[in-house]
Amino acid sequence: MQMRLSKRWKLLILVISALYLASAYWGIEQVHRLYLQEVRSEQRDEMEGRVSLLSSNLQSLIYRETYIADSLATLVSLDPEGTLATWPAVAERLLQKSVIARNVGVAPNDIIQYVHPLAENQASLGFDFRTSPEQYATVQQARISQDVYVTDPVDLIQGGRGIIARFPIFLDAPKNQDYWGTVSVVMDVAKIRPLLNLERLADTELALRRQLEDGTTNAVFFGDISTFAEADMILPIQIPNGTWQMAATFSNKMNTKEQVLSFGIRVVLWALIVLIYVTVAALLRASTLARKNARQDELTGLANRRALMELLDKMMTDKPRRHFSLINLDLNGFKAINDTYGHGVGDAYLSHFANLLRKNVRSTDLPVRAGGDEFLIVLDRVTELEQLKKRVVALRQILEGSPFHWRDHVIPISVSIGFARFIGQSITIEDLLREADHEMYTNKREQHSARAE
């Protein structure tokens, strides 16, 4: 006979369906939003790490090159004539130690008279810094500070762009009143770029500018000023005579794989929602049937042997394999309890013992009733021998210290315990169970011998 639904039930189903679909939509969007947040968070963390590494590498590179060039300035300060007499050899030795230096020059009285190598930099010979206010300002900065002055990237007279380290030369150190001229080392910007692996930051906008001592900043010399206004992060880069600021903005664009996964998440979740909706009645019916065949011991509520075998098979075949220990417990004298008090008391005794196991293992461990009075425990990721032995001793103390009370009777618990460890060795489940069983019987015999003595 066909069952007809009342209007009330139809309305209830309609309301439940609407709430279900609305909740499903909200849940799917939340999952999708969390996925996008995770993707962006991972992107940001990755890019922040790359930008931080970039700024650190640039800072180290500038310092390294400056300190190498400082040796030339020291030689010129100590002996200008002697150093310049062997100028090509001295300059070449300096360039061999450098990785980004394009050329070095010496300017007595602030006029460049010595350059190496000469071939590509001849245009700078005879250049008087005083004729270029921009360049002369950096020479003056070095003279006033009496220390090296590293410029921002500038256009070079001989072509290209470079970062110039100016070293003032004084002939009366340490008074530094007798100014002789300057030594300049040009770091080639074109050589710096490949060393910094900028291609790893293709999705990042970068900009650089100098931060002045009063907190103000100069014009941006690399990138766009808008990068600072929209920066996701701004990092300081210390250079020998001051500080640069590096700003970075991230594109937060998903790559093709992430876009496909984003779309796939929605499709899969909606498919699951629809599947759940149309099969809910079948699942309710199947749940009743599943209880009968559950992987659970009917008496104690613990996992049964079937559940144990499935778990062991998974743990021993997973890649990588999960390491664990298997504890085998056997109740001593259980037959006598059944014979003395009856099977009903024996069942209650087993349930009491099972509850003790359940309460005294970790949530990651699995207590099992394999059958009769035989119990096992799977200890996940516990394989160190001494630690395992301590666990066994502590477990024995708890179990044997918690007797079963029935009416006026106190029925003690005595247990034999054996164990086996799985640490990835080539072994079958049966061999592992056999090893734990063998250790348990060895313990049983030892206890029997001790009682006989």
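In strand β13, the residue that forms the bridge partner of Leu 366 is Val 378, and this pairing offers a convenient entry into the structure, which is a predicted model. The two strands concerned, β12 and β13 (residues 374-380), are joined by 5 bridges and run antiparallel. They belong to an open sheet of 4 strands, arranged in the order β12-β13-β11-β16 with antiparallel pairing. At the edges of this sheet stand β12 (366-371) and β16 (415-422), each of which pairs on one side only. On average, and with direction ignored, neighbouring strands of this sheet are turned by 20° against each other.

Two helices lie across this sheet. Helix α11 (residues 385-400) lies across β11 (324-331), β13 and β16, and runs at about 155° to β16. Helix α12 (residues 429-452) likewise lies across β11, β13 and β16, running at about 145° to β16.

Between β14 (404-406) and β15 (409-411) there is a loop that holds Arg 407. Although Arg 407 is not a glycine, its phi is positive, at about 55°. With a relative accessible area of 71%, Arg 407 counts as exposed, because the cut-off for that class is over 50%.

A further open sheet is also built from 4 strands, here in the order β8-β7-β10-β9, and its pairing is antiparallel. Because β8 (217-222) and β9 (233-239) stand at the edges with a single partner strand each, one side of each is left without a neighbour in the sheet. Neighbouring strands of this sheet are turned, on average and with direction ignored, by 30° against each other. The pairing of β9 with strand β10 (residues 242-250) is antiparallel and extends over 7 bridges, and within it Met 233 has Ala 248 of β10 as its bridge partner. Helix α1 (residues 7-78) packs on this sheet, where it touches β7 (204-211), β9 and β10, and the direction of the helix makes about 15° with that of β9.

Helix α1 also takes part in a feature of the surface, since a nonpolar patch receives at least two residues from each of α1 and α7 (256-292). This patch, of about 920 Å², is made by Leu 21, Tyr 25, Val 268, Trp 270, Leu 272, Val 274, Leu 275, Ile 276, Tyr 277 and Val 278. Helix α7 supplies the largest share of the patch, 8 residues. One residue of the patch, Val 268, has its place in helix α7, and with a relative accessible area of 48% Val 268 is partly exposed.

The strand β1 (residues 101-108) presents another setting: 8 of its 8 residues are buried, so β1 is largely enclosed by the rest of the structure. On one hand, 7 bridges join β1 to strand β6 (residues 179-188), the two running antiparallel; on the other, 3 bridges join β1 to strand β2 (residues 114-116), again in an antiparallel arrangement. Val 104 takes part in both pairings, for its bridge partner in β6 is Val 185, while in β2 Val 104 stands opposite His 116.

The strands β1 and β2 form a hairpin with 5 residues between them. In the loop between these two strands lies Asn 109, whose phi is near 55°, a positive value in a residue other than glycine. Asn 109 counts as partly exposed, with 48% relative accessibility.

Two cis peptide bonds can be followed from here. The bond from His 116 to Pro 117 is cis, with omega near -5°, and Pro 117 has its place in the loop between β2 and α4 (133-145). The peptide bond from Ala 173 to Pro 174 is cis too, with omega near 10°, and Pro 174 is placed in the loop between β5 (161-170) and β6.

Beyond these loops, Asn 197 has its place in the loop between α5 (189-195) and β7, and with a relative accessible area of 35% it is partly exposed. Asn 197 and Ser 71 are 126 residues apart along the chain, and their C-alpha atoms are separated by 29 Å.

Terms used. Residues numbered from 1 in each chain as written. Predicted model: local features only at pLDDT ≥ 70, side-chain atom pairs only at ≥ 80, totals over all residues. Heavy atoms only, no water. Pairing = 2+ DSSP bridges. Axes fitted to C-alpha atoms, helices over the stretch in contact; angles between N-to-C directions. Contact = heavy atoms within 4.5 Å. Patch = residues over 30% accessible without salt bridge, like charges linked within 9 Å, V, L, I, M, F, W, Y side chains within 5 Å. Areas by Shrake-Rupley, 256 points an atom, 1.4 Å probe, with all protein chains shown as cover. Salt bridge = Lys/Arg side-chain N within 4 Å of Asp/Glu carboxyl O. Buried < 20%, exposed > 50% of the residue type's maximum accessible area, 1.4 Å probe, protein only.
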